[in-house]
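Student: I would like a close look at one part of this model, the part where the two chains meet through aromatic rings, and then an account of how the surrounding elements are packed. Please take it slowly and connect each element to its neighbours.

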Amino acid sequence: MAVTTDQEQHGLTAHSHGAGAPISSRADHFTSFDVNAFEVPGGREEIWRFTPMKRLANLHNGAEATGTANVEVNAPDGVTVETVARGDERLGVAGTPGDRVAAQAWSSFTEATVVTLPGDAKSEPTTITVTGAGEGQVAYGHLHVHAKQFAEAVVVIDHRGSGAYADNVEFVVGDGAHLTVVAIQDWADDAVHVSSHHAKLGRDASFKHTVITLGGNVVRLTPVVTYTGRGGDAELLGLYFADAGQHLEHRTFIDHSASNCRSNVVYKGALQGEDAHTVWIGDVLIRAAAEGTETFELNRNLVLTDGARADSVPNLEIETGEIEGAGHASATGRFDDEQLFYLQARGIPEDQARRLVVRGFFHEILLKIAVPEVRERLEAAIEAELEAVGV
Amino acid sequence: MATLEIKDLHVSVNTDEGSKEILKGVDLTIKAGETHAIMGPNGSGKSTLSYAIAGHPKYDVTSGTVLLDGENVLDMTVDERARAGLFLAMQYPVEVPGVSMSNFLRTAATAVRGEAPKLRHWVKEVKEAMSELDIDPAFAERSVNEGFSGGEKKRHEILQLGLLKPKVAILDETDSGLDVDALRVVSEGVNRYKQSGDVGVMLITHYTRILKYISPDFVHVFAGGRIAESGGPELADQLEAEGYVKYIGKPEAAGIA
């Protein structure tokens with residue numbers, strides 16, 4: 001067993017180890033399908049303490065749906081797309097809501113989209129475009145993605161538009177299936193999006209989940225991974241870019257309950273502008289039964305201007321000594337002037353040098369995005385972000 | 001004919017405890033075709049001189065001028081200085097994660113040359129330059145300096161020197177931390193650059209051993225933030241024999257060494 005911890009880096013500050021924070025096991029985390037089983041959060045609760053509750057459009061406080069988000073699925077042959085009513089027995093199998101907004105979404109959606117990816121086959125990418133209900137509107141949704149045994153598939157979920165939207169997204173990854181998901185949050189400036197992703201991995205299943213969050217007033221995404229059999233492998237990647245006034249929050253939870261499973265979490269964010277705020281909470285729980293687990297999680301934040309704030313809290317709980325390895329690292333740093341000097345000293349103008357450094361920072365995530373169109377779009381979006389602030 | 005003129009240069013460094021003067025009136029002129037060795041004990045201000053000329057933001061020029069072919073370098077941004085023909089081979093090259101060496105080299109060459117080099121010629125040019133410095137071609141796809149050994153970093157500094165072909169090159173302790181083979185390879189790279197045109201070289205070093213490979217026309221002893229003595233190559237031999245005692249023994253230098 002090897003447990004590694006922070007890797008100190010030049011120009012970066014290490015994260016705190018939660019000294020002084022109340023210690024509660026992730027295993028005791030409350031979950032329920034019943035919205036009333038959750039108290040209305042006030043913002044002081046551990047899981048809400050970073051979230052600007054006043055900007056949540058009352059999603060946490062019983063806001064009724066005033067509209068619906070438009071869900072459009074572009075699927076290749078062999079992939080089944082259904083719109084189903086509440087009560088379809090397939091819904092809710094991948095996970096149980098872990099906070100009040102997720103339970104509210106579960107209680108409030110009127111119809112769900114179910115995408116079934118054929119087993120024993122390789123499918124072309126499926127694109128699901130979710131467009132908000134419009135400015136000032138509230139909508140709830142539910143999406144269920146099932147990759148059957150030995151399926152090999154890519155699903156891109158593209159969120160855009162205006163309004164408040166809360167939803168649950170399920171990923172059931174069958175035994176030996178390979179599911180790649182890219183979830184893009186490219187909302188309009190007013191949008192509020194609170195979303196829970198529940199991934200349930202079968203034996204020897206492989207799940208690659210990439211989150212890209214660029215637009216929206218408040219985006220809070222909670223991806224949870226559970227394993228039902230041994231040999232599951234989850235890779236969670238995230239890339240976010242917060243501008244002035246944006247709150248982008250990502251809370252990953254890997255629940256290692258089966259033996260010989262792996263997980264790797266890499267989230268990277270850049271921040272610029274007054275009151276740009278990002279939050280990354282990375283929980284990993286290795287339960288007693290999860291022998292032979294191998295896990296690592298990493299969060300890096302690059303603060304480009306004054307007035308921006310990045311919170312980063314990794315939590316690793318280990319209940320068995322029989323693991324392959326576990327570690328985490330987190331650091332938030334300002335723009336490295338030495339890198340800038342070095343590039344400029346080779347004749348590269350300052351604005352170009354800055355872009356090189358930021359692109360370099362995101363490079364390892366971009367490299368792993370298997371869908372070329374998404375990668376190109378993302379590179380263009382990062383360029384646009386950098387141009388907006390004039391760096 | 002390139003000329004770098006440093007006149008009465010005073011430079012302070014910004015530290016947490018405030019500003020501290022490091023360079024106390026440096027005068028030095030380097031003409032094309034000349035190699036000047038700047039030798040001095042640790043802490044004498046040699047590196048400060050190189051960084052101040054390159055324009056590192058940590059250093060404040062409080063008075064004096066630095067002219068490159070009559071143009072005041074101190075009025076230029078860091079990248080303008082490089083494009084004007086100055087090059088600093090750094091003692092501690094900086095790692096830039098996620099930016100490949102090949103992308104970096106091409107971006108720099110494009111900036112310095114004023115146009116993007118033709119891809120076909122460029123690939124060949126880089127390949128040859130790397131091979132001359134015994135650099136494995138695989139380094140082209142690695143992030144700039146990331147995880148490179150000290151020797152690998154120095155080879156890549158000289159690689160950049162060869163590709164960017166500045167008018168005046170400042171080599172800041174390029175020899176430090178090199179084994180004998182690497183020292184020879186790196187020195188050959190510098191000599192190729194010298195032979196490539198009318199260029200000036202400021203070779204900053206603590207030790208005399210690199211001067212066996214790169215012959216200086218002038219040797220300057222740097223102590224107490226200024227040039228304490230200048231001479232020909234024979235001055236290096238004297239330093240080899242006697243060390244820096246004579247210079248750091250001076251009262252005004254004692255507090256700095």
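Tutor: Before turning to the rings, it helps to begin with the start of chain B, where Thr3(B) stands opposite Lys31(B) in strand 2 of chain B. The model is a predicted one, and what follows should be read with that in mind. The pairing to which these two residues belong is that of strand 1 (residues 3-15) with strand 2 of chain B, which runs in the antiparallel sense over eleven bridges. These strands are part of an open sheet of four strands, in the order 2-1-4-5 (chain B), with antiparallel pairing. Its edges are strand 2 (18-31) and strand 5 (71-72) of chain B, each of which pairs on one side only.

From this region one can pass to the nonpolar interior, for Ile6(B) and Met202(B) touch the most other members of the largest nonpolar core, which has 116 residues. The element that gives the most to this core is helix 3 (residues 350-367) of chain A, with eight residues. If neighbours within four places in sequence are left aside, the contacts of Met202(B) include Leu4(B), Ile6(B), Leu28(B) and Ile30(B), and also Ala169(B), Ile170(B) and Leu171(B). A second core, separate from that one, has 53 residues, among them Ala177(A), Leu248(A), Ala258(A) and Val303(A). As a general matter, nonpolar side chains tend to be buried together in soluble globular proteins.

Now to the rings themselves. The structure holds eleven aromatic pairs over all chains, and one of them is formed by Tyr342(A) and Phe104(B), which are stacked with 5.7 Å from centre to centre and 20 degrees between the planes. Because Tyr342(A) lies in helix 2 of chain A and Phe104(B) in helix 3 of chain B, this pair joins two chains. Both partners are covered: Tyr342(A) is buried, with a relative accessible area of 0%, and Phe104(B), at 0% relative accessibility, counts as buried. A further stacked pair is made by Tyr51(B) and Tyr59(B), so classed because the ring centres are 5.9 Å apart and the planes stand at 15 degrees; Tyr51(B) and Tyr59(B) are buried as well. In chain A, ring pairs link Phe33(A), Trp106(A) and Phe109(A) into a cluster. Charged side chains also lie over aromatic faces, with Lys268(A) over Phe361(A) at 4.8 Å from the ring centre and Arg354(A) over Phe335(A) at 4.6 Å from the ring centre.

The two helices that carry the pair joining the chains appear again around helix 5 of chain B, since what covers the buried residues of helix 5 includes helix 2 (337-344) of chain A together with helix 3 (101-113) of chain B. Other elements in that cover are strand 6 (86-89), helix 4 (119-132), strand 9 (168-172) and helix 6 (180-195) of chain B. Helix 5 itself (residues 150-164) has 15 residues and reaches 21 Å from its first C-alpha to its last, close to the 21 Å expected at 1.5 Å a residue. Twelve of its 15 residues are buried, and among them are charged or polar residues such as Lys153(B), Arg155(B) and Glu157(B) as well as Ile158(B), Leu159(B) and Leu161(B). Helix 5 of chain B is followed by Lys165(B), whose phi is positive, near 40 degrees.

In chain A, a comparable degree of cover is found for helix 1 (residues 100-108), where eight of the nine residues are buried, including Arg100(A), Val101(A) and Trp106(A). The buried residues of helix 1 of chain A pack against strand 7, strand 9 and strand 11 (192-201) of chain A. Strand 7 (residues 138-147) is mostly covered too, with nine of its ten residues buried. This strand pairs in the parallel sense with strand 5 (residues 111-117) of chain A over five bridges, and Leu117(A) stands opposite Ala147(A). Strand 7 of chain A also pairs in the parallel sense with strand 9 (residues 164-173) of chain A, over ten bridges, and there His144(A) stands opposite Glu170(A).

Trp48(A) brings the account back to helix 1 of chain A, for although Trp48(A) lies in the loop between strand 2 (12-14) and strand 3 (70-74) of chain A, its contacts beyond four places in sequence include Arg100(A) and Val101(A). Asp99(A) is also among these contacts, and the C-alpha atoms of Trp48(A) and Asp99(A), 51 residues apart along the chain, are separated by 9.2 Å. With a relative accessible area of 3%, Trp48(A) is buried.

Terms used
Residues numbered from 1 in each chain as written. Chains lettered and ligands numbered in written order. Predicted model: local features only at pLDDT ≥ 70, side-chain atom pairs only at ≥ 80, totals over all residues. Heavy atoms only, no water. Expected span 1.5 Å × (residues − 1). Buried < 20%, exposed > 50% of the residue type's maximum accessible area, 1.4 Å probe, protein only. Contact = heavy atoms within 4.5 Å. Pairing = 2+ DSSP bridges. Core = buried A, V, L, I, M, F, W, Y, C linked by side-chain atoms within 4.5 Å. Phe/Tyr/Trp six-rings, centres within 6.5 Å; stacked < 30°, edge-to-face > 60°. Lys NZ or Arg CZ within 6 Å of the ring centre and 35° of its normal.
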